[in-house]
Structure formats: structure tokens, C-alpha cells
Amino acid sequence: MNYKVQGAVRRNKRNFIIFIVLWIILSIVLVMPVAYSITEATVNGVFDMKIFFTKIYDAMSHLGTVIAKTFTPGYIGTFFSLLLKFTVAYAIFVLIGLIKTAPKNEYSDIEHGSSDWSKNGEQYRVLSNKHGIILAQNNYLPVDKRGNVNVLVVGRIRFW
């Protein structure tokens, strides 16, 4: 299971910065005007939908004044409450995206035919790392081993 977490983190390193920047932008452009509009539309404890839609349009149009007003005592509680709900929902969507990009199995990003499948030099039980027929970098098929040492070369030879 650890390979899934490591694979998802490795695949999404660049995306984490995008996730954070997008969260900041959405918090400013979406959450602040909605929090401002909810506070303005709640008159005497009753929420008025008509005032909400009027204020949200004005808030989106005049974002600078909304940012300044959001951090005043009457609005900050609604903003942080809404920001917490938005952050939880955003984190769930990001987590779903990370789960979707997790590798299906332990060997999904490893090149087929490479020696990356072996750990801690276990390939040297069969191969040699010093001399013999070259198979890959630091992997040689020893010619002095008992048994079959036939090698099939797949590819083409280029002369130029």
C-alpha cells in the first residue's frame, strides 16, 4: 500500500503547487463574496435569498472592497466558517484525484526489460556486475557460469 502513496506523490509533485494556488484563488474569488453576501442577506437572523443574489453580484463586481470588508468583525466569522467547509470539500476532491492517479500495482512505472525490478543487488545472483556479455549498465551475463548463456539481442544495428 505504501507504493501507492509514494507513486501518487511522485506523479503529482508539480500539481501540489497548482492545488494550493487554486485553493487560494478560489478562496478569494468565490468564498469571500459568498461569505459577504450571506452576512448581508442575513437580516435579524432570517436569510433573504433576494438580497443574497443582489449582494453576490455586487461582491463579484467589487472584489477589492469585499476583501477589505470580509476581515471586519461582523463578517469574519461567516468567512472562516465558510472557508472551513470549502477547504474540507476541496481536500476531498484533491484526495479523490490523488487516489485516481495512484499506481495500480508496484511495477506500473518501471520500464519493462530494465533491472529496476530488482532490489539490493538481487540480480547479481544470476548476473555479474563486473564482466561478461553486456546486458545493461552494470549488468553482465557471465560467460563462465554453468548452464545456458545464450543471449537474444532485439533491435537493430546502426552504422553511421
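In the predicted model, a polar atom of the Ser27 side chain lies 2.7 Å from the backbone oxygen of Trp23. Ser27 is placed in helix α2, which covers residues 13–41. The relative accessibility of Ser27 is 6%, so this residue counts as buried, the cut-off for burial being under 20% relative accessible area. When neighbours within four places in sequence are left aside, Ser27 is in contact with Met32, Phe79, Leu83 and Phe86. Among these partners, Phe79, Leu83 and Phe86 also belong to the largest nonpolar core, where they are listed with the residues that touch the most other members.

A comparable arrangement is found at Thr70, which is located in helix α4 (residues 63–70). The side chain of Thr70 reaches the backbone oxygen of Val66 at a distance of 2.5 Å. With a relative accessibility of 1%, Thr70 is counted as buried. Beyond residues up to four places away in sequence, Thr70 touches Met32, Tyr75, Ile76 and Phe79. Met32 and Phe79 thus appear among the contacts of Thr70 and also among those of Ser27.

The chain as a whole contains five helices and four strands. Read from the N terminus, these elements follow the order α-α-β-β-α-α-α-β-β. The chain has 160 residues, of which 22% count as buried. Of the contacts between residues at least 6 apart in sequence, 51% join residues at least 24 apart.

The largest nonpolar core consists of 13 residues, and those touching the most other members are Val31, Tyr36, Val66, Phe79, Leu83 and Phe86. Two elements, α2 and α5 (73–101), give two or more residues to this core. The greatest contribution is that of α5, with seven residues.

Tyr36, one of the core residues named above, is located in helix α2. Its relative accessible area is 11%, and Tyr36 is therefore buried. Apart from residues up to four places away in sequence, Tyr36 touches Lys55, Ala59, Val66, Lys69 and Tyr75. For the pair Tyr36 and Lys55, the C-alpha atoms are 7.9 Å apart in space, with a separation of 19 residues in sequence.

Ala59, among the contacts of Tyr36, is part of helix α3, which spans residues 49–61. Ala59 has a relative accessibility of 0% and so counts as buried. Its contacts, with neighbours within four places in sequence set aside, are Pro33, Tyr36, Ser37 and Val66. The C-alpha atom of Ala59 is separated by 8.0 Å from that of Val34, a residue 25 positions apart from Ala59 along the chain. Val66 is in contact with Ala59 and is also touched by Tyr36; in addition, the backbone oxygen of Val66 is the atom reached by the side chain of Thr70.

Helix α3 also holds Ile51. In contrast to the buried Ala59, Ile51 is partly exposed, with a relative accessible area of 28%. Not counting its neighbours within four places in sequence, Ile51 is in contact with Glu40, Ala41 and Val43. The C-alpha atoms of Ile51 and Glu40 are 7.4 Å apart, while the two residues are eleven apart in sequence.

The largest pocket of the model has a volume of about 170 Å³. Eleven residues line this pocket, and Lys4, Val5, Leu98, Ile99 and Ala102 are the closest to its centre. The elements giving two or more residues to the lining are α1 (2–11) and α5. Helix α1 supplies the largest share, four residues. By residue class, the lining is made up of nine nonpolar and two charged residues, with no polar ones. Helix α5 therefore has a part both in the largest nonpolar core, to which it gives the most residues, and in the lining of the largest pocket.

How values were computed:
Residues are numbered from 1 along each chain as its sequence is written. This is a predicted model: local features need pLDDT of at least 70, side-chain atom pairs count only at pLDDT 80 or more; totals for chains, interfaces and linings use all residues. Side-chain values use heavy atoms; hydrogens and water are left out. Buried means under 20% relative accessible area, exposed over 50%, partly exposed in between (1.4 Å probe, protein chains only). A polar contact is a pair of N or O atoms within 3.5 Å; within protein, one must be able to donate a hydrogen and the other to accept it, and residues adjacent in sequence count only if both atoms are side-chain atoms. Contact means heavy atoms within 4.5 Å. A nonpolar core is a set of buried Ala, Val, Leu, Ile, Met, Phe, Trp, Tyr and Cys residues joined through side-chain atoms within 4.5 Å. On a 1 Å grid over the protein atoms alone, a cavity is a set of points where a 1.4 Å probe fits but cannot get out, and a pocket is an open set with protein on both sides within 12 Å along at least five of seven lines; lining residues have an atom within 4 Å of a point. Grid points are joined across faces, edges and corners, and a volume is the space filled by probe spheres set on the points. Ala, Val, Leu, Ile, Met, Phe, Trp, Tyr, Cys and Pro count as nonpolar, Asp, Glu, Lys and Arg as charged, and the others, Gly among them, as polar.
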